[in-house]
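Dear colleague,

I am passing on the structure below, together with some notes on what turned up in it. Please read them with the structure open beside you.

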Amino acid sequence: KKRVILPDPVFNDVKVSKFVNHLMYDGKKNTSYEIFYAALEVVKNKMQNEEKSALEIWKKALDNVTPQVEVKSRRVGGAEIRPDRKESISMKNLIIFARKRGGKSMADKLAAEIMDAFNEQGGAFKRKEDMHRMAEANRAFAHFRF
């Protein structure tokens, strides 16, 4: 059974709650909410010339790092992904590459990764491109049967 995820308190958005759940370590949900909201504040301050809100920038960044296909073993070519898995992969990639960044606080690193993803660059966006490229390359071997 799938659990019902309640929307977050500030933006009243379920997607934000899911993202915060991925961001969370050791059940410290309040801490991860603080990190996320602080990151959005940084994004808002640094991208004032954009006409979108920080939340819209974050959503666009997520869309930019969402893969359409994924490479699985024993499956030739790229396999289509279910929408909920796409969302999960994009959130995890954004967080993983934010953690790998050099920087001060996690909020700053996450904000930097969100802005990079929004501008179609950075680690998470590169991971999506690589995933698509691999699926495309594997499609060439589709005529082989093992």
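Arg101 is partly exposed, with a relative accessible area of 25%, and please keep in mind throughout that this is a predicted model. The side chain of Arg101 meets that of Asp116 in a salt bridge, at 3.0 Å from N to O. Arg101 lies in the loop between helix 4 and helix 5 (106-118), while Asp116 belongs to helix 5, so the pair ties together parts that are 15 residues apart in sequence. Asp116 has a relative accessibility of 18% and counts as buried, because the cut-off for a buried residue is under 20%.

In general, side chains of opposite charge can pair when their charged atoms come close. The structure holds 9 salt bridges, and a second one worth looking at joins the side chains of Lys18 and Glu87, with 3.2 Å between N and O. This pair links distant parts of the chain, since Lys18 sits in helix 1 (residues 14-23) and Glu87 in helix 4 (residues 83-100), 69 residues apart. Lys18 is partly exposed, its relative accessible area being 27%.

A further salt bridge is formed by the side chains of Asp84 and Arg82, at 3.4 Å from N to O. Here Asp84 is partly exposed, with a relative accessible area of 32%, whereas Arg82 has a relative accessibility of 54% and counts as exposed. These two residues do not stand alone, as Lys2, Arg82 and Asp84 are linked in a network of salt bridges.

The two helices that carry Lys18 and Glu87 also pack against each other. Helix 1 and helix 4 meet at an angle of about 50°, with their axes 10 Å apart, and that angle makes helix 1 oblique to helix 4. Their crossing is right-handed. On the helix 1 side, the contact is made by Lys15, Lys18, Phe19, His22 and Leu23, and on the helix 4 side by Glu87, Ser88, Met91, Lys92, Leu94, Ile95 and Arg99, which places both partners of the Lys18–Glu87 salt bridge among the contacting residues.

Phe19, which takes part in that helix contact, is also worth following into the aromatic residues. The count comes to 6 aromatic pairs; in one of them, the rings of Phe19 and Trp58 have their centres 5.3 Å apart and their planes at 80°, so the pair is edge-to-face. With Phe19 in helix 1 and Trp58 in helix 3, the pair links distant parts of the chain, 39 residues apart. Both Phe19 and Trp58 are buried, and they belong to one aromatic cluster together with Phe11, Tyr33, Phe36 and Tyr37.

Trp58 is one of the buried residues of helix 3, which are Ala54, Leu55, Ile57, Trp58, Ala61, Leu62 and Asn64. These buried residues pack against helix 1, helix 2 (29-46), helix 4, helix 5 and helix 6 (123-139).

Lastly, what surrounds Thr66, in the loop between helix 3 (54-64) and strand 1 (69-71)? Leaving aside residues up to four places away in sequence, Thr66 touches Lys86, Ser90 and Lys128. Thr66 is buried, with a relative accessible area of 12%.

With best wishes

Key
Residues are numbered from 1 along each chain as its sequence is written. This is a predicted model: local features need pLDDT of at least 70, side-chain atom pairs count only at pLDDT 80 or more; totals for chains, interfaces and linings use all residues. Side-chain values use heavy atoms; hydrogens and water are left out. A salt bridge is a side-chain nitrogen of Lys or Arg within 4 Å of a carboxyl oxygen of Asp or Glu. Helices (H or I, at least four residues) and strands (E, at least two) are DSSP runs, numbered from the N terminus. Buried means under 20% relative accessible area, exposed over 50%, partly exposed in between (1.4 Å probe, protein chains only). Contact means heavy atoms within 4.5 Å. Rings of Phe, Tyr and Trp (its six-membered ring) pair if their centres lie within 6.5 Å; planes under 30 degrees apart count as stacked, over 60 as edge-to-face and the rest as tilted. Axes are lines fitted to C-alpha atoms, for helices over the stretch in contact, and angles run from 0 to 180 degrees between N-to-C directions. Angles under 35 degrees count as roughly parallel, over 145 as roughly antiparallel, 65 to 115 as roughly perpendicular and the rest as oblique. A crossing is left-handed if the near helix is turned anticlockwise from the far one by less than a right angle, and right-handed if clockwise.
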